[in-house]
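Biologist: Could you walk me through this model before I start using it? Begin wherever you like.

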Amino acid sequence: KLVIRGMPVPLTEMQADILAVLLEPPAGHWKTHKEIARKIYGDAGYNEKAGVRKHVGRIRARLDALDLGVRIETAHAHGYRFVVEGFNDAVNGQAE
């Protein structure tokens, strides 16, 4: 069961597994489709980009609906990363 800022976030097992990969150290760093797929689907699933995209989209929708100040960012050629508003920028020296 995932709880963020005191709010339960309903996720399927697959969604929770993907989010766990995004939160693995170093948290906040980019994780590629291939890296996520290998950890979720095993070596045979390294090419499961569509499945990863679909589940990340659903996780995003759930996080956005709860407005908890967390999100998943996407960057072409980098992949995905989990972002906590205010925290990631402060860690990376970009806080205002």
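Modeller: I would start with E3 and E4, which form a hairpin with three residues between them, and alanine 77 in the turn has a positive phi of about 70°. Helices (H or I, at least four residues) and strands (E, at least two) are DSSP runs, numbered from the N terminus. This is a predicted model, in which local features need pLDDT of at least 70 and side-chain atom pairs count only at pLDDT 80 or more, while totals for chains, interfaces and linings use all residues. Residues are numbered from 1 along each chain as its sequence is written, and side-chain values use heavy atoms, with hydrogens and water left out.

Biologist: OK, and in which sense do E3 and E4 pair?

Modeller: Strand E3 (residues 70-75) and E4 pair in the antiparallel sense over six bridges, where two strands pair if DSSP finds at least two bridges between them. As one example, glutamate 73 has arginine 81 in E4 as its bridge partner.

Biologist: Where is the confidence lowest, and where highest?

Modeller: The mean pLDDT (the predictor's confidence in each residue, from 0 to 100) is lowest in helix H4 (residues 87-91), at 51, and highest in helix H1 (residues 13-23), at 94. Over residues 90-96 the pLDDT is below 50, and beyond near neighbours in sequence this stretch has four contacts in the model, a contact being heavy atoms within 4.5 Å. The protein as a whole averages 85, with 88% of the residues scoring at least 70.

Biologist: Switching to H1, which of its residues are buried?

Modeller: Gln15, Ile18, Leu19, Val21 and Leu22 are the buried ones in H1, where buried means under 20% relative accessible area, exposed over 50% and partly exposed in between (1.4 Å probe, protein chains only). Seen down the axis of H1, these residues fall within an arc of 155°, so they line one face of the helix; the arc is that of the directions from the helix axis to the C-beta atoms. Their cover includes strand E1 (2-4), H2, H3, E3 and E4.

Biologist: Take valine 21, then: what does it touch outside its neighbours within four places in sequence?

Modeller: Valine 21 is in contact with Lys31, Ile36, Lys39 and Ile40, and its relative accessible area is 4%. Its C-alpha lies 8.3 Å from that of isoleucine 40, although the two are 19 residues apart in sequence.

Biologist: And how do the axes of H1 and H3 cross?

Modeller: They cross at roughly 90° and come within 10 Å, which makes H1 roughly perpendicular to H3. Axes are lines fitted to C-alpha atoms, for helices over the stretch in contact, and angles run from 0 to 180 degrees between N-to-C directions; under 35 degrees counts as roughly parallel, over 145 as roughly antiparallel, 65 to 115 as roughly perpendicular and the rest as oblique.

Biologist: What about H2 and H3, how close do those axes come?

Modeller: The axes of H2 and H3 come within 9 Å and cross at roughly 90°. The contact is made by His33, Ile36, Ala37 and Tyr41 of H2 and by Lys49, Gly51, Val52, Arg53 and His55 of H3.

Biologist: Is histidine 55 buried or exposed?

Modeller: Histidine 55 counts as buried, at 11% relative accessibility. Not counting residues up to four places away in sequence, histidine 55 touches Met14, Gln15, Ile18 and Tyr41.
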